[in-house]
Amino acid sequence: MEREHNLVPEDAWWKRYLYRIIYRSDTKLGKLFDIILLLLILISTAIIMMESIPKLDKRYHYTFLVLEWIISILFSIEYASRITVLKNKRRYIFSFFGIIDFLALIPFYLSFFFPVTKYFLIFRMLRMLRVFRVFNLLDFMNDGFVIVRALKNSSRKIYIFLLFLIIFSVIVGSMMFMVEGGRPGFETIPQSIYWAVVTVTTVGYGDVSPITPMGKFFAVILMLAGYSIIAVPTGIVTAEMRNKRQNLEKVCDRCGNEDIDDDARYCKQCGKKLA
């Protein structure tokens, strides 16, 4: 993820001044700008939610529309300002936060042609991630990076587990179709597979349930198996997070490399012997 403080401002004094306000929060104006931005995001999200309520939308439709226009225009000015004050504009545009800022803005303009897309403005909530920078909570963000890396590194094991779960659900669903004999909820194999997935994940909507003694027996087995099955991906990710946390605690004294394997004796970047 590209960090905002790696961006470089233009040489003009007013652009450097705006850069300090927009991209930094170490000044009163900078922190005020960020707090106002976060408040506008919350207000915009609340408006989108209230617009989906027919009674509120009918009564305050014009008010919602005006506020939405005002907030979206302010966000447009802010996005253009972020690009204008930078030398390395491309770096911001294609950075993590740059893409989020764009996704938070473009639904407003698309709604001119496709009205339903205005509800995609809910993506503005992703801009709330800046709260970690504004209130000096970057340690929380680093913990988030650990979780993301753990999920990425354990993805192959999770894919294999999901494949097994799909095969298991198809087999059990097919067996339930035969056992229940086409009763309500089990008229087809796909419907039976739906019941199997809902049961094995312990969601249990209750809209479909077996009637025959054999079907109930299979249901009990499947529900009990669901608890053990759910523990599998949790254990995979937890183990990977523990390994990553241990690796992060190992740092090369010479080059600062943090990507060190558990059994490493030398740094993979500079070759220094590790303590």
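Biologist: Which residues of the largest nonpolar core touch the most other members?
Modeller: In this predicted model, L7, Y19, Y23, I41, F75, L86 and Y92 touch the most other members of that core, which has 19 residues. A nonpolar core here is a set of buried Ala, Val, Leu, Ile, Met, Phe, Trp, Tyr and Cys residues joined through side-chain atoms within 4.5 Å, and buried means under 20% relative accessible area with a 1.4 Å probe, protein chains only.

Biologist: And which helices each supply at least two residues of it?
Modeller: Those are α1 (13–23), α2 (28–51) and α3 (54–84), where a helix is a DSSP run of H or I with at least four residues, numbered from the N terminus.

Biologist: What lies apart from that core?
Modeller: There is another core, of twelve residues, and F161, L165, M176 and A196 are among them.

Biologist: F161 makes me think of α8, so which residues of α8 are buried?
Modeller: The buried ones are S155, I158, F161, L165, S169, V172, G173, S174, M176 and E180, so F161, L165 and M176 appear both in this list and in the core of twelve.

Biologist: How far does α8 reach?
Modeller: Helix α8, residues 155–180, has 26 residues and reaches 36 Å from its first C-alpha to its last, close to the expected 38 Å, a span taken as 1.5 Å times one less than the number of residues. It is followed by G181, whose phi is positive, near 65°.

Biologist: New topic: which residues lie nearest the centre of the second largest pocket?
Modeller: W195, T199, G204, V208 and M223 do, out of 17 lining residues, and α9 (189–200) and α10 (213–248) are the elements that give two or more residues to that lining. A pocket is an open set of points on a 1 Å grid over the protein atoms alone where a 1.4 Å probe fits, with protein on both sides within 12 Å along at least five of seven lines, and lining residues have an atom within 4 Å of a point.

Biologist: Is T212, in the loop between α9 and α10, buried or exposed?
Modeller: T212 is buried, with a relative accessible area of 12%, and its side chain reaches the backbone nitrogen of G215 at 3.1 Å.

Biologist: How many helices and strands does the protein have?
Modeller: It has ten helices and zero strands, and 34% of its 275 residues count as buried.

Biologist: Any ground rules?
Modeller: Residues are numbered from 1 along each chain as its sequence is written, and side-chain values use heavy atoms, with hydrogens and water left out. Local features need pLDDT of at least 70 and side-chain atom pairs count only at pLDDT 80 or more, while totals for chains, interfaces and linings use all residues.

Definitions and conventions. Buried means under 20% relative accessible area, exposed over 50%, partly exposed in between (1.4 Å probe, protein chains only). A polar contact is a pair of N or O atoms within 3.5 Å; within protein, one must be able to donate a hydrogen and the other to accept it, and residues adjacent in sequence count only if both atoms are side-chain atoms.
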